[in-house]
Amino acid sequence: MAVDAIVVAATVNEFNNRILGASIVKVAQPDKDELLFTLKVNRKPAYLHMSANPSIPFCVLKDEGELSPVNAPSFCMALRKHIGGGRITAIDQAEGLERIIRFTIEHLDEMGDRGEKYLFVELMGRHSNIILTKPDMTIIDSIRHVSAATSSLREVLPGRTYFIPETKHTGFGRAVDAEAEYRGGIDKILELVRNREFEPCIIYENERPVEFSGIRLKSLEGGDFRAEYFDSMSEVIRSFYERKNIENRIRQKSEDLRLILKNLTERTAKKLDLQERQLKTSEDREKYRIYGELLNAFGYSLKGGEKSFTCENYYDNNNPITIPLDENKSAKDNAKKFFDRYQKLKRTSEAMQEQIAESKATLYTLESIMQSLYMCENDADLREIRNEMENAGFLKKSQGKGRIRKEEKMSEPLHFVSSDGIDIYVGRNNRQNEELDFKVADPDDWWFHAKKIPGSHVIVRTGKKELPDKTCLEAAALAAYYSKAGHEKASKVEVDYVKRRELKRVPGAAEGFVIYHTNYSIMIEPKSEI
């Protein structure tokens, strides 16, 4: 999601309501692409934070300042010289509906004469910049210098004339374009802007922040989408990027675990396929036992040197059967050869069945840990998953780094309240699943889980009360959503549910693995909330 014209319009509206007339007390440059202005509005401090970072350009008000570098960069020094102590007399959106905020700043020069400067904050992705100009649009300086060698469209250098290239007029983002189509035309959107009917919001898809806007996005309501509304555009932008930063940071930190899990899963799946093919080759072992027994029963008639022997098969209604023979062996030795092959294939079958069961359990464990990784929200969640992988032998034991200390707070399961006012808990990893099943839940509570696929354990705290139909559906939808099938966007998922008393631990299995023999089932659409 990039900043678009509607976001800028909502931001300008907010700034005009909150900081118009503010005096600039301090200018700092906390990072190479960022500026922080300490303002005074009606004798109260306010903080204007802006960034020309190509990945995350923004301009917002925030509640507190930051520490400034000891040595101020040259652009920061230019701002202090030209607009330090100045007053913001106008804030508008340049070129009508462009992604540029223009601050008009009144100040006193070295001679004590009153003058004006413009500060342009361009929020244009890789073209983002912050530019200080004179009233005649001559550039004084900018946070990012752009030479002719870098851009053929416009130079941004001291002494050059400031202008906006035609190619930069992009206006609306895809979400607003879709909203315009949904509402019946772009005029509907422009009317909202003219009337200042802003509703700053963040749009979540399956609880992940995917869009933000200065207006209500009716086209993204319902289904997997949810809107959260805020009092100001600054709150939206700060909150959105904070959450995206957390999400990106957790994703980056978990990348090594994802790669390990992916490789182990692929390796285990290949091993399982090989084992199942080996098992299949042992399926016809019974015929070798029958050959041996029939040779022992009827082979006395053989004289030696025969390549085959046909006799009645008393295992198949005495139908004739032809047994291939080694012409250099006696009937007894041929029978022994068949019994030996039968025993070898039987041992192979028994070993393969045991190995297949082990591989399937390992594969399920790996997939369940991967599912837990998708639900990670913080460092504590990651530490628990890393710890689980170490205990399962998927990772080498770490020496202190990433390990869970006794004094550290463990991560918590998700908590929902059903429409009937009943508590519902959703485990986010196998440790939480285990604790929900056998420490939190009472025997008469209800347990939900996607059928035969990795996913969260969902506990409904009904106690000895009856399970209401609506709560049952809501819990099942959560169990479907927080499962491998839900992550893969399945439209319907089969969910089992039983009284918690029906659950049994699997001897020797990892945490969170249970069995049950009686259950109810329901096909339901996955949902992330109640």
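**Exercise 1. Is strand β10 (residues 201-205) largely enclosed or open, and how many of its five residues are buried?**

Before solving, note that this is a predicted model, in which local features need pLDDT of at least 70, side-chain atom pairs count only at pLDDT 80 or more, and totals for chains, interfaces and linings use all residues. Residues are numbered from 1 along each chain as its sequence is written, and side-chain values use heavy atoms, with hydrogens and water left out.

Step 1. Strands (E, at least two residues) and helices (H or I, at least four) are DSSP runs, numbered from the N terminus. Buried means under 20% relative accessible area, exposed over 50%, and partly exposed in between, with a 1.4 Å probe and protein chains only.

Step 2. Four of the five residues of β10 are buried, so the strand is largely enclosed by the rest of the structure.

**Exercise 2. Find the strands that pair with β10, and describe each pairing.**

Step 1. Two strands pair if DSSP finds at least two bridges between them.

Step 2. With strand β11 (residues 208-213), β10 pairs in the antiparallel sense over five bridges, and here Tyr204 stands opposite Pro209 in β11.

Step 3. The hairpin of β10 and β11 has two residues between the strands, and in it Asn206 takes a positive phi near 50°.

Step 4. With strand β12 (residues 225-229), β10 also forms an antiparallel pairing over five bridges, where Cys201 stands opposite Tyr229 in β12.

**Exercise 3. Examine the backbone angle phi at Asn318 and Lys489, and place both residues in the chain.**

Step 1. Most residues other than glycine have a negative phi.

Step 2. Asn318, although not a glycine, has a positive phi of about 60°; Asn318 lies in the loop between β13 (308-313) and β14 (319-324), and its relative accessible area of 42% makes it partly exposed.

Step 3. Lys489, which is not a glycine either, has a positive phi of about 65°. Lys489 is found in the loop between α12 (484-487) and β19 (493-499), and counts as exposed at 54% relative accessibility.

**Exercise 4. Which parts of the chain does the salt bridge of Arg243 and Glu228 tie together?**

Step 1. A salt bridge is a side-chain nitrogen of Lys or Arg within 4 Å of a carboxyl oxygen of Asp or Glu, and the structure holds 32 salt bridges.

Step 2. In the salt bridge between Arg243 and Glu228, the closest N and O atoms are 3.1 Å apart. Arg243 lies in helix α5 (residues 233-253) and Glu228 in strand β12, so the pair ties together parts that are 15 residues apart in sequence.

Step 3. Arg243 is partly exposed at 32% relative accessibility, and Glu228 is partly exposed at 23%.

**Exercise 5. Trace the salt bridges that join helix α9 (residues 379-391) to other helices.**

Step 1. Lys253 forms a salt bridge with Asp379, with the closest N and O atoms 3.3 Å apart. This pair links distant parts of the chain, since Lys253 is in helix α5 and Asp379 in helix α9, 126 residues apart.

Step 2. Arg386 forms a salt bridge with Asp256, with the closest N and O atoms 3.2 Å apart. Here Arg386 in helix α9 is linked to Asp256 in helix α6 (residues 255-281), 130 residues apart.

Step 3. Of this second pair, Arg386 is partly exposed with a relative accessible area of 23%, and Asp256 is partly exposed at 33%.
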